[in-house]
Amino acid sequence: MTHRLADLAAMVGADLEGDPDRPIDGIATLMAAGPGDLSFLTNSRYRDQALASKAGALLVSRDLSPETLADLRTDLVLCDDAYRALADLMTALFPVPEVVPGVHETASVDASAQVDPTARVDAFAVVGASSTLGPGVVVGAHTVVGRGCSLGAGTLLHPHVVVYDGTRIGERVVVHSGVVLGADGFGFAEGAEAASQVKLPQVGVVVIGDDVEIGANSAVDRATFDTTTIGRGTKIDNLVQIGHNAQIGEGCILCGQAGVSGSSRIGDRVLLAGQAGVAGHFRIGDGVQVAAKSAVFQEVEDGRQVAGIPAVPIAAWRRRNALQSRLPAMRGALRALERRVGELESAGRGGRDDPAADRGDET
């Protein structure tokens, strides 16, 4: 569908520098865009690509420097946050298809389950006893919803999701394929016999807040006694592990392969970058940012940025990295200094290495 550029700018409250009647047929990356496409420039590092782009118009942030925007030979849609505006435009231009309600003939829905008439259960899905599916819920093909679960309005479970018994999921939650919610937490006690482990039963549940999204092949373990909780609006990438009893706050971002150990307390608006890990039983304060491949082994106060293994304040981590890069030169300088000291010591003894000579003439 073709849109006027002025109409797209109005959708996101942006200012337009260029032809308001320019027809826009789609949105594309800088390198793939053509004259009928709107592209986007959110970082000055891509200026060269923007200069070479054939896009008919560019969505850009107002805070980009004049040098970055100079010589761009195209129409500009100027907004406060180009990335957010891009998300709003794509949501408007590519709406999610409406849910077609119904239960597929091959699905298995227990007679005691409550399925809203507007919900959909796809082929070969399973809904266990006493579970509740709210309005507009979609349970994808081959997905299993255990006993006593609840799924809030508008929640979408993609194919091949497994939801264990008792899990409670809020409204408008998106769970991607391969996710497991409510598997047993990793709890074992040392047995009486050597090299034996006794399983500690995990009898708690998982609670997912509203507007959460969980990426493919991630896992959230059930609590030992109470709840493992994911707060409202938190977004979880693919291949993320959340341990039993963990409490994840609201509006957090957990990037790919991050791991949160059992009984950790993660505050609101926390960012865990890719492959970051948090050891068990620690509190991570509100607004904390943990750099990629970092490991947190102690509590972190609100608003801190940490990096490294073990994670330290990011300024200290940068100093440590700078020092580490100088180690080869320092090693060479130290060896040269050792040789020089050796030469001076030898000269001080008059070049004589015989201990008897150092004692003088005793004959």
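Strands here are DSSP runs of E with at least two residues, numbered from the N terminus. The structure is a predicted model, and strand 18 spans residues 162–163.

**Surface patch**

Val 162 has its place in strand 18. Together with Val 126, Val 144 and Tyr 164, Val 162 makes up a nonpolar patch on the surface. The accessible area of these residues together is about 260 Å². Val 162 itself has a relative accessible area of 31% and is therefore partly exposed, because that class lies between the 20% limit for buried and the 50% limit for exposed. A patch residue needs over 30% relative accessible area, and the value for Val 162 is 31%.

**Backbone features in loops**

Three residues with notable backbone geometry are listed below with the loops that hold them.

| Residue | Backbone feature | Loop between |
|---|---|---|
| Asn 217 | positive phi, near 60° | strand 25 (213–214) and strand 26 (219–221) |
| Asn 245 | positive phi, about 70° | strand 29 (241–242) and strand 30 (247–248) |
| Pro 310 | cis peptide bond with Ile 309, omega about -5° | strand 39 (305–307) and strand 40 (312–313) |

Asn 217 is a residue other than glycine, and its phi is positive. Asn 245 is likewise not a glycine and has a positive phi. Is Asn 245 buried or exposed? Asn 245 has a relative accessible area of 16%, so this loop residue counts as buried, the cut-off being under 20%.

The cis peptide bond joins Ile 309 to Pro 310. Pro 310 sits in the loop that follows strand 39 and leads to strand 40.

Technical notes:
Residues numbered from 1 in each chain as written. Predicted model: local features only at pLDDT ≥ 70, side-chain atom pairs only at ≥ 80, totals over all residues. Heavy atoms only, no water. Patch = residues over 30% accessible without salt bridge, like charges linked within 9 Å, V, L, I, M, F, W, Y side chains within 5 Å. Areas by Shrake-Rupley, 256 points an atom, 1.4 Å probe, with all protein chains shown as cover. Salt bridge = Lys/Arg side-chain N within 4 Å of Asp/Glu carboxyl O. Helix = DSSP H or I, 4+ residues; strand = E, 2+ residues; numbered from the N terminus. Buried < 20%, exposed > 50% of the residue type's maximum accessible area, 1.4 Å probe, protein only.
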